[in-house]
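The following account leads the reader through one protein chain, from a pocket in its surface to the packing of its helices and the surroundings of selected residues. Please keep the sequence and the coordinates at hand while reading.

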Amino acid sequence: EMPVSYTNSRIETEIALAEPPRLLLADADDEARGIGVQALRAAGFVIDEAKSVSALALLLSEREYELLIIDPTSLGTHGAEIEQILRGAKGAQPQIVLWSERDTLLQLGLLDESEAVEKDMDDADELLAELAPVIN
């Protein structure tokens, strides 16, 4: 049976608070990235943003992320370069969600995949609904 009274310092050592998942959104399109960041922060996620390939590589080398949401087309990059950057990531490799325009997803055959989210969103709620299967 646990004693009834505790000191604050003892309680603090016995509590481990969970942190929200850390996400990285990589997109060179300021408007789209802004909508994504705003929506994800409002939903309680800790999110960093990268608007270039070099910023993406730097952030991945310095911090661990649970999820990477990336639009490689806007960043002017491709799968092989992203794979190389991910090899330099700190800790475990994050789950990757391709976030791109409908035509790009169609060309890649990924429009109906859970790891791909269509970027043509009108608002933040639509983005969260699209990402819900992946981030929950």
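A pocket, as the term is used here, is an open set of grid points, on a 1 Å grid over the protein atoms alone, with protein on both sides within 12 Å along at least five of seven lines. The volume of a pocket is the space filled by probe spheres set on its points. The model under discussion is predicted, and its largest pocket holds about 190 Å³ of space. Twelve residues form the lining: of these 12, Pro 72, Gly 79, Ile 82, Ile 96 and Leu 98 are the closest to the centre of the pocket. Two elements, α5 (79-87) and β4 (95-100), each contribute at least two lining residues. The largest share belongs to α5, which provides 4 residues. By class, the lining comprises 7 nonpolar, 4 polar and 1 charged residues.

The setting of this pocket is a chain of 136 residues, of which 35% are buried. The chain contains 7 helices and 5 strands, and their order along the sequence is α-β-α-β-α-β-α-α-β-α-β-α. Among contacts between residues at least 6 apart in sequence, 60% join residues at least 24 apart.

Helix α5, already met in the pocket lining, also packs against another helix. How is such a pair described? Two packed helices are characterised by the angle between their axes and by the distance between those axes. For α3 (residues 53-62) and α5, the axes come within 9 Å and cross at roughly 25°. Angles under 35 degrees count as roughly parallel, and α3 and α5 are therefore roughly parallel to each other. On the α3 side the contact is made by Val 53, Leu 56, Ala 57 and Leu 60, which meet Glu 81, Ile 85 and Leu 86 of α5. The residues in this contact divide into 6 nonpolar, no polar and 1 charged.

Attention now turns to helix α2 and the loop that precedes it. Asp 27 lies in the loop between β1 (22-26) and α2. Is this residue buried or exposed? Its relative accessible area is 0%, and because buried means under 20%, Asp 27 is classed as buried. Leaving aside neighbours within four places in sequence, the contacts of Asp 27 are with Ala 32, Arg 33, Ala 50, Lys 51, Asp 71, Ser 74, Leu 75, Trp 99 and Lys 119.

Within α2 itself, two residues may be considered in turn. Val 37 belongs to this helix and is buried, with a relative accessible area of 5%. Not counting residues up to four places away in sequence, Val 37 touches Leu 25, Ile 47 and Glu 49. Glu 49 is 12 residues from Val 37 along the chain, and their C-alpha atoms are separated by 7.4 Å. Ile 35 is likewise found in α2, which spans residues 30-42. With a relative accessible area of 25%, Ile 35 is partly exposed, since that class lies between the limits of 20% for buried and 50% for exposed.

Which residue, 89 places away along the chain, has its C-alpha atom 5.8 Å from that of Ile 35? The residue is Ala 124. A further pair distant in sequence is formed by Glu 126 and Gly 36, which are 90 residues apart along the chain and have C-alpha atoms separated by 10.0 Å. Glu 126 is located in helix α7 (residues 124-135). Its relative accessible area of 33% makes Glu 126 partly exposed.

Methods: Residues are numbered from 1 along each chain as its sequence is written. This is a predicted model: local features need pLDDT of at least 70, side-chain atom pairs count only at pLDDT 80 or more; totals for chains, interfaces and linings use all residues. Side-chain values use heavy atoms; hydrogens and water are left out. On a 1 Å grid over the protein atoms alone, a cavity is a set of points where a 1.4 Å probe fits but cannot get out, and a pocket is an open set with protein on both sides within 12 Å along at least five of seven lines; lining residues have an atom within 4 Å of a point. Ala, Val, Leu, Ile, Met, Phe, Trp, Tyr, Cys and Pro count as nonpolar, Asp, Glu, Lys and Arg as charged, and the others, Gly among them, as polar. Buried means under 20% relative accessible area, exposed over 50%, partly exposed in between (1.4 Å probe, protein chains only). Contact means heavy atoms within 4.5 Å. Axes are lines fitted to C-alpha atoms, for helices over the stretch in contact, and angles run from 0 to 180 degrees between N-to-C directions. Angles under 35 degrees count as roughly parallel, over 145 as roughly antiparallel, 65 to 115 as roughly perpendicular and the rest as oblique.
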